Amino acid sequence: MDAETQRVLEFLTQVEETAEDVLSTKQQIVDLDSKRNRNREALSAIKNEMSDTEKVKVCFGSIFIKFPKLKTTEMIHKDQQQLDEEIKALRKGLKEKVNRLNEIQGKPELKGYRIAPLSSDEVKIINSFLKG
């Protein structure tokens, strides 16, 4: 194999590996978001159907265990916070991976891709200026 063919093969391998990493990260985000939605459904079901003193059945692996409602909601809220942090970190890393893929392919960096949403405090300040 000549040097040119070897260089093209290495380039294509690098593009393929980076693209696979991007797709894998996107799938992780989808999976975590799906779990987060199931947690929301569980919190809603617990909130709407039972009194505060009742116990609820919680599935751990392949078994169900009765837990107090309050403890169960606390566990689900902690899980939601952890999922939110993981998704946020994956999304941040995804931006870098996509930019790396574009760089490898010789494409320009996506414009506006590094824009972050306003925080709730920033929105409140803007609203106070608009009202005043």
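Start at Glu4, which is partly exposed, with a relative accessible area of 41%. This is a predicted model, and Glu4 offers a way into its helices. The side chain of Glu4 meets that of Arg7 in a salt bridge, 3.2 Å from N to O. Both residues belong to helix α1, which covers residues 3–49. They sit three residues apart, about one turn of the helix. Arg7 counts as exposed, because its relative accessible area of 54% is over the 50% mark.

That contact stays inside one helix. The next one does not. Asp21 and Lys97 form a salt bridge through their side chains, at 3.3 Å from N to O. Asp21 lies in helix α1 and Lys97 in helix α2, so the pair ties together parts that are 76 residues apart in sequence. Asp21 is partly exposed at 35% relative accessible area. Lys97 is partly exposed too, with a value of 25%.

Now move to another link between these helices. Asp84 forms a salt bridge with Arg36, and their closest N and O atoms are 2.7 Å apart. Again the pair links distant parts of the chain: Asp84 is in helix α2, Arg36 is in helix α1, and 48 residues separate them. Is Arg36 buried or exposed? Arg36 counts as buried, because its 12% relative accessibility is under the 20% limit. Asp84, at 35%, counts as partly exposed. A further residue joins in here. Asp33, Arg36 and Asp84 form one network through salt bridges that share partners. In total, the structure has six salt bridges.

Stay with helix α2, which spans residues 69–105. Gln81 has its place there. Gln81 counts as exposed, because its relative accessibility of 52% is over 50%. An unreviewed UniProt entry lists residues 80–107 as a "coiled-coil region". In the model, that stretch is 93% helix and 0% strand. The C-alpha atoms at its two ends are 37 Å apart.

Step back along the chain to the strands. Strand β1 takes in residues 55–60, and strand β2 takes in residues 63–68. How do β1 and β2 pair? They run antiparallel and are joined over six bridges. At one position, Lys55 has Pro68 in β2 as its bridge partner. At another, Phe60 is partnered with Ile63 in β2. The two strands make a hairpin with two residues between them. There Gly61 takes a positive phi near 70°.

The hairpin strands also bring in aromatic rings. The structure holds one aromatic pair. Phe60 and Phe67 form it, with ring centres 5.6 Å apart and 50° between the planes. Why is the pair called tilted? The angle of 50° falls between the 30 degrees below which planes count as stacked and the 60 above which they count as edge-to-face, so the pair is tilted. Phe60 is partly exposed, at 36% relative accessibility. Phe67 is partly exposed as well, with a relative accessible area of 21%. That value is not under 20%, so Phe67 does not count as buried.

The last stop is helix α3, residues 120–131. Leu130 is found in this helix. Is Leu130 buried or exposed? Leu130 counts as exposed, because its relative accessibility of 67% is over 50%. Leu130 also helps to make a nonpolar surface patch, together with Leu118, Val123 and Ile126. The patch covers about 380 Å².

One distance connects this part of the chain with helix α2. Gln81 and Glu122 are 41 residues apart along the chain. Their C-alpha atoms are separated by 22 Å.

Methods: Residues numbered from 1 in each chain as written. Predicted model: local features only at pLDDT ≥ 70, side-chain atom pairs only at ≥ 80, totals over all residues. Heavy atoms only, no water. Helix = DSSP H or I, 4+ residues; strand = E, 2+ residues; numbered from the N terminus. Buried < 20%, exposed > 50% of the residue type's maximum accessible area, 1.4 Å probe, protein only. UniProt positions renumbered as here; feature names shortened; annotations may be inferred. Phe/Tyr/Trp six-rings, centres within 6.5 Å; stacked < 30°, edge-to-face > 60°. Pairing = 2+ DSSP bridges. Patch = residues over 30% accessible without salt bridge, like charges linked within 9 Å, V, L, I, M, F, W, Y side chains within 5 Å. Areas by Shrake-Rupley, 256 points an atom, 1.4 Å probe, with all protein chains shown as cover. Salt bridge = Lys/Arg side-chain N within 4 Å of Asp/Glu carboxyl O.
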